[in-house]
Amino acid sequence: MYCKVLSPFSISLSLVALLALRGDNEYVSTFQKINQDVLKNSRAYETLGEATSTIGHRLTGSINGTKAEQYAFNLLKKYGYTDVKYQPFEVESWMRDTVTLEVVPNKSDNFRSVPVVALAHSPVQARVNGAIVDVGNGLEEDFEAVKDQIKGKIALANIGLINGRPGQKNLHRSEKTALAIQYGATAIITVNQVPGNVLLTGTASVTGSLISIPAVNISKESGEEIRNWIKVDTDLHAIVDMRNVSKKIRARNVIATLPGKSDERIIIGGHLDSWDLATGATDNGLGSFTIMDIARAFKALKLKPKRTIDFVLFMGEEQGLLGSRQVVKELIKTKQVDKVKFMMNLDMTNNVQGMSVGGRDELIPFFQAVGEQIRKVDGNFANTVSSRAGLHSDHQPFMLEGIPTGAPAGRLAPNVFGCYHANCDKFNLINRDEMVNGVRFSAMLLYALANADELPAKKLDSYKTRDLLIAQGLKKELILGKDWKWAEN
């Protein structure tokens, strides 16, 4: 995947001038006000702590999910936003019930129960008994290598890449599941790579609808045990037995609007929903509660941006980007999609030190110039800017419409990142100072987007969007995910 970083010293005076409405000092002055307000008054850490302790997880379609929607709505109202609304949409809600995984030599009673969790959108009811076929990293080449063995069997695949080639690209768990289905497997067992018997969940569906085979996750340690057993028993079987719940429900995005001086729009969004194994403190409490605190700061400082800003809390991201797809659908329906000049996505955003833009290289000098102004407020800001496009978060539906997208770039400690989607994603992982850094620097980046005279990246037409996605190496993934809307020839 393409990535490019420019030195902070490579910015010309003409590019810096792009930032100003009335000169650079106007930006530095506003950045200083944002910085002072957030350092003194930020409530991001405190509101996230309150929500995780009083609501718990925020699974879309659950009672807790509804409580989270109401919490966000009330908080934005409390911060002074009169234009706060729910955007309802219907989704196929999925909730886990029971699941077991037993491993046994063929025609033997020597069962071994393995700790396991179901992956979302697995069937409502399934019981599968079959031989295990190790497909390694679960890439297309791995399935192709065992295509004569895998049909009617149970695939065993890594979530991450183990002993991958330099530059080799991984696939999402849903794409590996899609390949398992394509090659005729009857179930897929995914292996986590985080040590410590950590189980993680997530969707195994590329469309957000129920899949045809059961998909489960086991720990790194359990995966190693099964693979060692396969070495001495090549006919090792697994029995996957699960019950789940799926039904149509209505979920709600929460949107607060700060009117600007024009009808051009900047969308800053992140998903409010989480999985149900823990409280979703990092994924995506970090991003969504950072967004609400940025909204608080803008209102408290009475900022009047050039462009209108929509602060959006999406539901249903974890179950297939459902909320962000709904936002884009509504923008197209109301003929407002061309008014959106940029979508900033905050997903597990923490300790921000720069900006990552979605393959739009023309934005690199702009954000480097913004970063130089931020450094005048806080010299510790690293101002790293990179350009690469990825999938599987709420920027994706916007990117597919040619809208420039990006995300504030920060750092998560390895132990924190290892807990996303997992049973250890709890509030004790959150560092207040790092979360506040996410608020203040993301707020400054947002202010620059909302107030620049011109943004150097424009909305792409359909053909240029297609070419960008191909250049970024995303075509195959989008085809697997049934999100490729262009002819393949």
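## Phenylalanine 427 and its ring partner

Let's start with phenylalanine 427, which has a relative accessibility of 21% and so counts as partly exposed. The scale behind that word runs from buried (under 20% relative accessible area) to exposed (over 50%), with partly exposed in between, using a 1.4 Å probe and protein chains only. The model is predicted, so local features need pLDDT of at least 70 and side-chain atom pairs count only at pLDDT 80 or more, while totals for chains, interfaces and linings use all residues. Residues are numbered from 1 along each chain as its sequence is written, and side-chain values use heavy atoms, leaving out hydrogens and water.

Tyrosine 45 is likewise partly exposed, at 23% relative accessibility. Searching the whole structure gives 15 aromatic pairs. In one of them, tyrosine 45 and phenylalanine 427 are tilted, with 4.8 Å from centre to centre and 45 degrees between the planes. Tyrosine 45 belongs to helix α3 (residues 44–54) and phenylalanine 427 to the loop between α13 (414–417) and α14 (432–451), so this pair ties together parts that are 382 residues apart in sequence. Phenylalanine 366 and phenylalanine 367 make an edge-to-face pair, 5.1 Å centre to centre with 80 degrees between the planes, and both of these residues are buried.

A word on the rules: rings of Phe, Tyr and Trp (its six-membered ring) pair if their centres lie within 6.5 Å, and planes under 30 degrees apart count as stacked, over 60 as edge-to-face and the rest as tilted. Helices (H or I, at least four residues) and strands (E, at least two) are DSSP runs, numbered from the N terminus.

## Clusters and charges over rings

Six aromatic residues, Tyr27, Phe31, Tyr81, Phe298, Phe311 and Tyr447, come together in one cluster.

Two arginines also meet rings. Arginine 112 is placed over the face of tryptophan 229, 4.4 Å from the ring centre. Arginine 252 has its charged end over the ring of tyrosine 86, at 3.9 Å from the centre. A charge sits over a ring if NZ of Lys or CZ of Arg is within 6 Å of the ring centre and within 35 degrees of the ring normal.

## The nonpolar cores

With 72 residues, the largest nonpolar core has Phe298, Phe311 and Phe367 as the members with the most contacts inside it. Helix α14 supplies the largest share of this core, twelve residues. Another core of 26 residues lies apart from it, with Leu101, Ile189, Val191 and Leu236 among its members. Here a nonpolar core is a set of buried Ala, Val, Leu, Ile, Met, Phe, Trp, Tyr and Cys residues joined through side-chain atoms within 4.5 Å.

Phenylalanine 311 has many neighbours to look up: beyond four places in sequence, its contacts (heavy atoms within 4.5 Å) are Tyr81, Val254, Ile255, Ala256, Leu258, Ile268, Ile291, Ile294, Ala295, Phe298 and Leu446.

## Alanine 281 and threonine 52

Alanine 281 is part of helix α9 (residues 281–300). Its relative accessibility of 0% means that alanine 281 counts as buried. Leaving out residues up to four places away in sequence, alanine 281 touches Leu48, Thr52, Leu286, Asp425, Lys426, Phe427 and Ile430.

One of those neighbours, threonine 52, is in helix α3 and is buried, with a relative accessible area of 7%. With the same four-place exclusion, threonine 52 touches Arg58, Thr279, Ala281 and Phe427.

## Histidine 271 and alanine 238

Strand β9 (residues 262–271) holds histidine 271, which is buried at 0% relative accessibility. The side chains of histidine 271 and aspartate 283 are joined by a polar contact of 3.1 Å. Such a contact is a pair of N or O atoms within 3.5 Å; within protein, one must be able to donate a hydrogen and the other to accept it, and residues adjacent in sequence count only if both atoms are side-chain atoms.

Alanine 238 is in strand β8 (residues 236–258), and with a relative accessible area of 0% it is buried. Outside four places in sequence, alanine 238 is in contact with Leu101, Glu102, Val103, Val128, Asn129, Gly130, Ile132, Ile154 and Ile189.

## The disulfide

The count of disulfides (pairs of cysteine sulfur atoms within 2.5 Å) is one. It links cysteine 419 and cysteine 424, whose sulfur atoms are 2.1 Å apart. The link of cysteine 419 and cysteine 424 is left-handed, with -110 degrees about the S-S bond. Cysteine 419 is buried at 8% relative accessibility, whereas cysteine 424 is partly exposed at 22%.
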